[in-house]
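Let's take a walk through this protein, one sheet at a time, and finish at a pocket. Keep the structure open beside you as you read.

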Amino acid sequence: MVRQYERNRYAFSEFLGLAEQSDLRAELRDFPGVPYEFFGGVEDAERVVLRLGDSAALGYDEPWPISLVEIKPKNEKFADALTHRDFLGAVLNLGLTRERIGDIYIADHTGYVFCLDTNASFIVDQLERVKHTSVTCRLAGELPPIPTREPDVLEVQCASLRLDLILSKVYQLSRSEAEQLFAADRVFVDGRVCRQGSRELTPGALVSVRGYGRLRLLADAGFTRKGNHKLQVAITK
């Protein structure tokens, strides 16, 4: 990708998970002069594409190679209660790999799948069924408003702002269970893998924990009489 950028061309990756994003951020520190950006079709996407280059460096713009496919039941009255896993499984069963597919959103039995441009028409032409439900597919211009559940806001008390303590409190884990999450590279802070439970969080930090969901530290609201921090944390699953 760097060699392509050095030939004055944009370079794009396939879709990347959190661990891959973290690894690439570390690799890109070896190329301080190369501009880069991550994007997944919408803001706050979890699966994203890496782009090397920008208009300031290359002198022209190039659109992201990302398309959005709408997958809609032919008859909503008889449609299954389709889940993220159902839509993903149906797309992968066409022979595509996970790296070709981005985030998936669901609204009113309809799935919206971000994918690479080169695979969009194939999905539209070939996908006819999700689980037991017959579907029609089309390219969508943009993601419609998706109803989302408001995050749960908790107040937890911790002796410090250490991440392992916060995870233990929020997810009701023992110290050893929290340590295992860090050892298995399942904890990410603002998109970067975190291997140190002793890391202190700052308000606004977004933490993703594989298998548990996401949490954001909203505020450090002072201290209890015993000297513990009173933390406000927003949790989504």
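**Two sheets and a pocket**

Strands S12 and S13 run antiparallel, with 4 bridges joining them. To find your place in this pair, look for Ser208, which stands opposite Arg214 in S13. Bear in mind that you're looking at a predicted model.

Now widen the view. S12 and S13 belong to an open sheet of 6 strands, and its order reads S9-S14-S13-S12-S10-S11. The pairing in this sheet is antiparallel. At its edges sit strand S9, residues 152–158, and strand S11, residues 192–193, and each of these pairs on one side only. As a reminder of what holds such an arrangement together, strands of a sheet pair through backbone hydrogen bonds, either parallel or antiparallel.

There's another open sheet to look at, this one made of 5 strands in the order S5-S6-S4-S8-S7, again with antiparallel pairing. Its edge strands are S5 (101–107) and S7 (129–130), each with a pairing partner on one side only.

Start at the S5 edge. S5 and S6 run antiparallel and are joined by 5 bridges. Ile106 stands opposite Gly111 in S6, which gives you a handy landmark. The two strands form a hairpin with 2 residues between them, and there Asp108 takes a positive phi near 55°.

Next comes S6 itself, which covers residues 110–116. How many of its residues are buried? The count is 7 of the 7, so S6 is largely enclosed by the rest of the structure. Buried here means under 20% relative accessible area. Beyond the hairpin, S6 also pairs with strand S4 (residues 66–73): 6 bridges join them, and they run antiparallel. Within that pairing, Glu70 has Tyr112 in S6 as its bridge partner.

If you're tracing side chains along any of these strands, it helps to know that in a regular strand the side chains alternate between the two faces of the sheet.

At the other edge, S7 pairs with strand S8 (residues 133–140) in the antiparallel sense over 2 bridges. Here Val130 stands opposite Thr133 in S8.

Now step back to the whole chain. The protein has 7 helices and 14 strands, and its C-alpha atoms fill a box of roughly 65 × 55 × 30 Å along the principal axes. Of its 237 residues, 43% are buried. The protein exposes about 13600 Å², and carbon and sulfur atoms supply 46% of that area. Take the contacts with a separation of 6 or more: 61% of them come from residues 24 or more positions apart.

Last stop: the second largest pocket. Rolling a probe the size of a water molecule over the atoms shows where empty space is left. In this pocket, the space comes to about 400 Å³. It is lined by 20 residues, and the closest to its centre are Gln21, Arg25, Asp44, Ala45 and Val48.

Which elements supply at least two residues each to this lining? They are helix H2 (18–28) and strands S2 (36–39), S10 (187–189), S12 (206–209) and S13 (213–223). H2 gives the most, with 3 residues. By class, the lining has 9 nonpolar, 7 charged and 4 polar residues. That brings you back to the pair we started with, since S12 and S13 each supply at least two residues to this lining.

Key:
Residues numbered from 1 in each chain as written. Predicted model: local features only at pLDDT ≥ 70, side-chain atom pairs only at ≥ 80, totals over all residues. Heavy atoms only, no water. 1 Å grid on protein atoms, 1.4 Å probe; cavity = no way out; pocket = protein on both sides within 12 Å on 5 of 7 lines; lining within 4 Å. Points joined across faces, edges and corners; volume = space filled by probe spheres on them. Nonpolar A, V, L, I, M, F, W, Y, C, P; charged D, E, K, R; others polar. Buried < 20%, exposed > 50% of the residue type's maximum accessible area, 1.4 Å probe, protein only. Contact = heavy atoms within 4.5 Å. Areas by Shrake-Rupley, 256 points an atom, 1.4 Å probe, with all protein chains shown as cover. Pairing = 2+ DSSP bridges.
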